[in-house]
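Student: Please take a close look at the cysteines of this predicted model, and then carry the description on to its aromatic rings and its largest pocket.

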Amino acid sequence: MSEGATGARGGLFGAGGRFKGGTDPVMEKFNESLSFDKRMWDQDLRGSAAYAKATCKAGIISEEERDQMIEGLGKVREEWATGTFVEKPGDEDIHTANERRLTEIIGPTGGKLHTGRSRNDQVATDTRLWTVEAERDLLKDMSTLLLAGAEIAKENVDVLMAGYTHLQPAQPIRYSHWLCSHLTPIVRDAQRLKELIPRANMCPLGSGALAGNAFGVDREFIRQELGFDGVTPNSLDSVCDRDFVVEFLMWSTLLLTHLSQFAEDVIITNMLKGVDIDDAYATGSSLMPQKKNPDALELLRGKAGIALGRAVGFTATLKGLPRAYNKDLQEDKVPLFEAVDTVKDCLAIATGVICTMKPNPEMLKKALCPEMLATDLADYLVRKGVPFRETHHISGACVRLAEEQKVSIDTLSLAQLQEIDPRFREDVLRVWDYETSVERKSSAGGTSKATVLKQTEDITAFAKSL
């Protein structure tokens, strides 16, 4: 390719230094990351301000130069905040864009900012700062969801519904117990997210390109300026460590898997008319006027698969990389940003669905069937001293008899039950009561009213701690 076919390099890495000519315009587009990493403008400016203070502390720049830099960075910040920052050709990424603009504002002194610093440790710092802030923000969103869900569960604690295993009627439970069963994984997700933050919140700034900083900057000082919990222990690892990105991507996959399971349950229950989804979270059909499609829930369900793809894809990118920084690592931003945006949107949608959907007690009760009390029938004989393995067989025989006679199991007479086992007595007829059944499940975590209310209290307390 002739020199005339190449594009001009940016001002910070222009021809006349290492390079004789410009870059292929296709390469310019292929290589740039400003179009997406400008989301980190705030973190990049904060990192630069902290580094300017550190270089002054190390005697590299004067106090006057430091103050000039801090003031200039403040003006750059104002431009980003007001939407007046002008991107220019050659602004390869957020780092070069900010430094270019700083130099335009304060002159040659801006060229001293990067002394001893590399974009390798700079981007690692920006990304960690951005990720930690995003994680803390998401914890607040999760708190909102959990508080709302626990309150809805408390309000509907007297509503009974059918519980299923293998999508087959299993045992009666409380609607609130079912709702808490979906809130409980979100609690675990919040616990896991909190555990990610200390590992992400480590300061790599001052690591240089890979070997460390040649001017003795105080990394502990930089850490304190930026609010990190500690400093990364190895400069070579500091610039290529993206474990914190992978951990977030994997975490988001699990959270969205849990929201997907919730969505699927609600879709099925809505189809059976057990709950009504609010119009705000449904759409219509372009052809069929009667349709009310649970699109919000279907999209929640669909997002989980895409999240898994992001996590696997970026992990695969990392697996073959040598030490230290390689340009492949630029590919961490888009999946990270997309994951944060997706999680934030999904938490908002799930919270809205939970707050607005209405249980239909009559339809939920209609789904209950006496056969779901077959275990209670077995438990009845257990309480009379019969081994459970034997009572399981006896109760199964009662179910079979009812099926053969094409009647509901609760209509079998005492005489018929006693033909199967003479230990049945008059009080066996009390077994056929759904409220009694759920109230017997009174161990911790069970579906009795008291234990469900305890679950809502625990979820509320945890949510308030986030």
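Tutor: C203 counts as buried because its relative accessibility is 0%. C240 is likewise counted as buried, at 9% relative accessibility. The sulfur of C203 has that of C240 as its closest cysteine sulfur, but the two are 16 Å apart, which is too far for a bond, given that a disulfide requires sulfur atoms within 2.5 Å. C240 is therefore in no disulfide, and a search of the whole structure finds zero of them.

Aromatic contacts are present, with six pairs found in the whole structure. One of these joins W80 and F85, whose ring centres lie 4.2 Å apart with planes at 10°, so the pair is stacked. Both partners are buried, W80 with a relative accessible area of 13% and F85 with 10%. Ring pairs also bring in W41, which forms a cluster with W80 and F85.

Another pair is made by Y175 and W178; with centres 5.4 Å apart and planes at 40°, it is tilted. These two residues are three apart in helix α7, and about one helical turn therefore separates them. Y175 is buried at 0% relative accessibility, and W178 is buried at 7%.

W178 leads on to the largest pocket, where it is among the lining residues closest to the centre, together with M161, A162, Y164 and D265. The pocket has a volume of about 530 Å³. Elements giving two or more residues to its lining are β1, β2, α7, α10 and α13. By class, the lining comprises twelve nonpolar, eight polar and two charged residues.

How values were computed. Residues are numbered from 1 along each chain as its sequence is written. This is a predicted model: local features need pLDDT of at least 70, side-chain atom pairs count only at pLDDT 80 or more; totals for chains, interfaces and linings use all residues. Side-chain values use heavy atoms; hydrogens and water are left out. On a 1 Å grid over the protein atoms alone, a cavity is a set of points where a 1.4 Å probe fits but cannot get out, and a pocket is an open set with protein on both sides within 12 Å along at least five of seven lines; lining residues have an atom within 4 Å of a point. Grid points are joined across faces, edges and corners, and a volume is the space filled by probe spheres set on the points. Helices (H or I, at least four residues) and strands (E, at least two) are DSSP runs, numbered from the N terminus. Ala, Val, Leu, Ile, Met, Phe, Trp, Tyr, Cys and Pro count as nonpolar, Asp, Glu, Lys and Arg as charged, and the others, Gly among them, as polar. Buried means under 20% relative accessible area, exposed over 50%, partly exposed in between (1.4 Å probe, protein chains only). Rings of Phe, Tyr and Trp (its six-membered ring) pair if their centres lie within 6.5 Å; planes under 30 degrees apart count as stacked, over 60 as edge-to-face and the rest as tilted.
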